[in-house]
Structure formats: structure tokens, C-alpha cells
Amino acid sequence: MAKPSPFFLVLLGFGFFVATYNLVTLVIHSQNNDGEMELSRRSDSMIQRPNELKKSEGQRRPFHVALTATDSPYSKWQCRIMYYWYKKMKDSEGSEMGGFTRVLHSGSPDDLMKEIPTFVVDPLPSGVDQGYVVLNRPWAFVQWLGKAKIKEDYILMAEPDHIFVKPLPNLSRGDQPAAFPFFYIKPSENKKIIRKFYPEEEGPVTDVDPIGNSPVIIKKSQLEQIAPTWMNISLKMKEDPESDKAFGWVLEMYAYAIASALHGVRHILRKDFMIQPPWDLKIANTFIIHYTYGCDYTLKGELTYGKIGEWRFDKRSFLRGPPPRNLSLPPPGVPESVVTLVKMVNEATANIPGWEEGR
């Protein structure tokens, strides 16, 4: 008897997830009533006064820290720094951090397996991501959630270029996950495209939160329902020229926000969840530094964004290998956020064994 071809198995697998999406969506919508929908909506006070959110009666609610990654040198050095600061903050007072997993979607083990807890999953079939590697993120979470044993009831979806500035508590509340609001995620300004994936009968476009999937602290049970939908919408958006052109590199962020709305999940928007230098100047009460943007300054401490500065720190300067130890500190006048970022990178690289050997 002839064995089925790999291509046929891939098609069969994707067909399963499409079916899962349709079934789960149907069940969720049939169970939601008006009272539950009203309960799931977040209020503006949640954004303005996050410290007033009630804690869960003193009961610890640990969350599992998970980030998706590739086996590229660029991804590896960021993961090593991120994991260093996770370990340093995990057992500190105020932390509710639980276990840690690097979800490696390269399909095979790499040389960080012994250093960082890692779960290997498959990448999308060749060509499916169309060069947009982030499209592998929702697919990686679908596989990890379906195969791994995760003891915590909550999950923090994080990224390699996150640094924990201080111990992170569980910021979610009841059935409401906690998320960071991104200024560039604007569902209401992209109503025509949003409606392709979130039709009018589902509710107003304002139900789609201005977020991505990271950072988000969410119940594991909720993410298990959302993840297949997130994956399917991401794939459909990438195949739709209008969506692909409009959303570009934040496409899967929109897909997560829409998928959550389809499952009736609204997020508490926590502006203190993280900062993004150089635009955010102070550390204040934040929990995470996200160093996605380049930081370029003159020697007088003046920002020269869009132009290479006399002093700079940009993660993209180290695509082929890790940054050296003991990076030069910014000149006087550079904001606290950037100074703290470089100091924390330097501390991590000084204490991670074998850093200068690269990976």
C-alpha cells in the first residue's frame, strides 16, 4: 500500500486546524451571553490606574514565560540575555514568574538546549511564510500548547528582545488577560480590512484591542482556544494582498487581536507593562524593556533617529553574532531608559559563560 506523500500530510494538518477554528468559534459564540460579554470588556480606568487592580486575595498565580525563537545567531544572543534576567528576577519579591520555555521553531535542536529550557517545534512548510518569519509564531504556540506539559495555569507570551527590569507579577484579572497597548495598532482606522476577518455580526471594531500577542499574560485555557484561530487568521491575512500591504510586519499582531475578539476575550491594557527606548525616556514603574528600536545619539546626547549616531545601540548591528562585552555607555544627556538598557545588556554579557565564543 502506497504511503501518503508529505505534501498531502501538510494539507491534512492545516485542514485540521481550520476545522478546529470553525468548531471552537461556534462553541464560544453559542456560550457567550450579553452579561458575559459585558463582563469581558475592559474600562478606561484599567488603563489609567493599573495599580488599583485587585490582587487575587493574596493567592499566588504563577505564569509560564514562553518566547518563540529561531536558531539564528541574532535570535540566540537575545534569548540568552532575556533568560539571564528572567533567572535574576524570577524568585525576587513580587514575582509570580513560573517556568520558562524557548519555543524553538527551527525544527531541530541547537546548541542552547542545555543553557535554556527549550521545546522544539516544526516551522511552517517551506514557502508558506513568504519570507515573513514571524508567521511561524502562532504555529509554534499551537504546537507547543498541544504537546508540552505546562504546569502553570497562566502564560506570558514574551520575545527575545525583552529584558525584565523588575520582578513581574501576574497582571491579568479573572478572565481578562493583560496586554501592552501599541500606539501603531489601530483597528478603528483599518475598519475595512478588520471586517474581512471580524464581520459585523461579531460586534463593533472597538472590540478588537490595540495589542499584539506579546507581552500578554493570559490563562492557558484561553490561549489554547485562541491560538489556532490566531494562526489561521495570520495565514489568511498574509494571503490577502490588501491586508499584507496595510499591516506589513505587524500583521500577526493584528491577527492575534482579532482572534481574541472572535473568542470574546478582551484585555486589560497595561501601559506600564513595558517601555520601548528611545521613545520612552524613563524606567518609572515599568516591568520590561523592549529594545526593538535603534538608539542613535550625538556625543551631546541628542537623538538622531533615522540617522546613524556618533553613539548607537541597535540590535540589528549584531545580526551575525552577539554584541561584545562591555559596550560603551551612552554620552551624557541620553535618557535613563537607554542608559539602563545598555547597563543591563553589559551585566548579562559579563556573567553569561562563553559569551564571547558566540553561538
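Trainee: Why does Trp279 count as partly exposed?
Mentor: Keep in mind that this model is predicted. Trp279 has a relative accessibility of 43%, and partly exposed covers what falls between under 20% and over 50%, so Trp279 lands in that class. You'll find Trp279 in the loop between strands S9 (274-275) and S10 (288-290).

Trainee: What makes the nonpolar surface patch that Trp279 belongs to?
Mentor: Trp279, Leu303 and Tyr305 make that patch, at about 310 Å².

Trainee: Why is the pair of Tyr74 and Trp77 called edge-to-face?
Mentor: The ring centres of Tyr74 and Trp77 are 6.4 Å apart, with the planes at 75°. Rings pair if their centres lie within 6.5 Å, and planes over 60 degrees apart count as edge-to-face, so that's the name this pair gets. Both Tyr74 and Trp77 are buried, by the way.

Trainee: And why are Phe183 and Tyr184 called edge-to-face?
Mentor: Try it again: centres 5.1 Å apart and planes at 80°, so Phe183 and Tyr184 are edge-to-face too.

Trainee: Which of the two, Phe183 or Tyr184, is buried, and which is exposed?
Mentor: Phe183 has a relative accessible area of 59%; exposed means over 50%, so Phe183 is exposed. Tyr184 has 18%; buried means under 20%, so Tyr184 is buried.

Trainee: How do you know that strand S2 is mostly covered?
Mentor: Eight of the eight residues in S2 (97-104) are buried.

Trainee: What joins strand S1 to S2?
Mentor: Six bridges do, and S1 (residues 63-69) and S2 run parallel. Between them the chain passes through helix H4 (residues 73-90), in a right-handed β-α-β crossover.

Notes:
Residues numbered from 1 in each chain as written. Predicted model: local features only at pLDDT ≥ 70, side-chain atom pairs only at ≥ 80, totals over all residues. Heavy atoms only, no water. Patch = residues over 30% accessible without salt bridge, like charges linked within 9 Å, V, L, I, M, F, W, Y side chains within 5 Å. Areas by Shrake-Rupley, 256 points an atom, 1.4 Å probe, with all protein chains shown as cover. Salt bridge = Lys/Arg side-chain N within 4 Å of Asp/Glu carboxyl O. Helix = DSSP H or I, 4+ residues; strand = E, 2+ residues; numbered from the N terminus. Buried < 20%, exposed > 50% of the residue type's maximum accessible area, 1.4 Å probe, protein only. Pairing = 2+ DSSP bridges. Right-handed = clockwise from strand over helix to strand, strands pointing away. Phe/Tyr/Trp six-rings, centres within 6.5 Å; stacked < 30°, edge-to-face > 60°.
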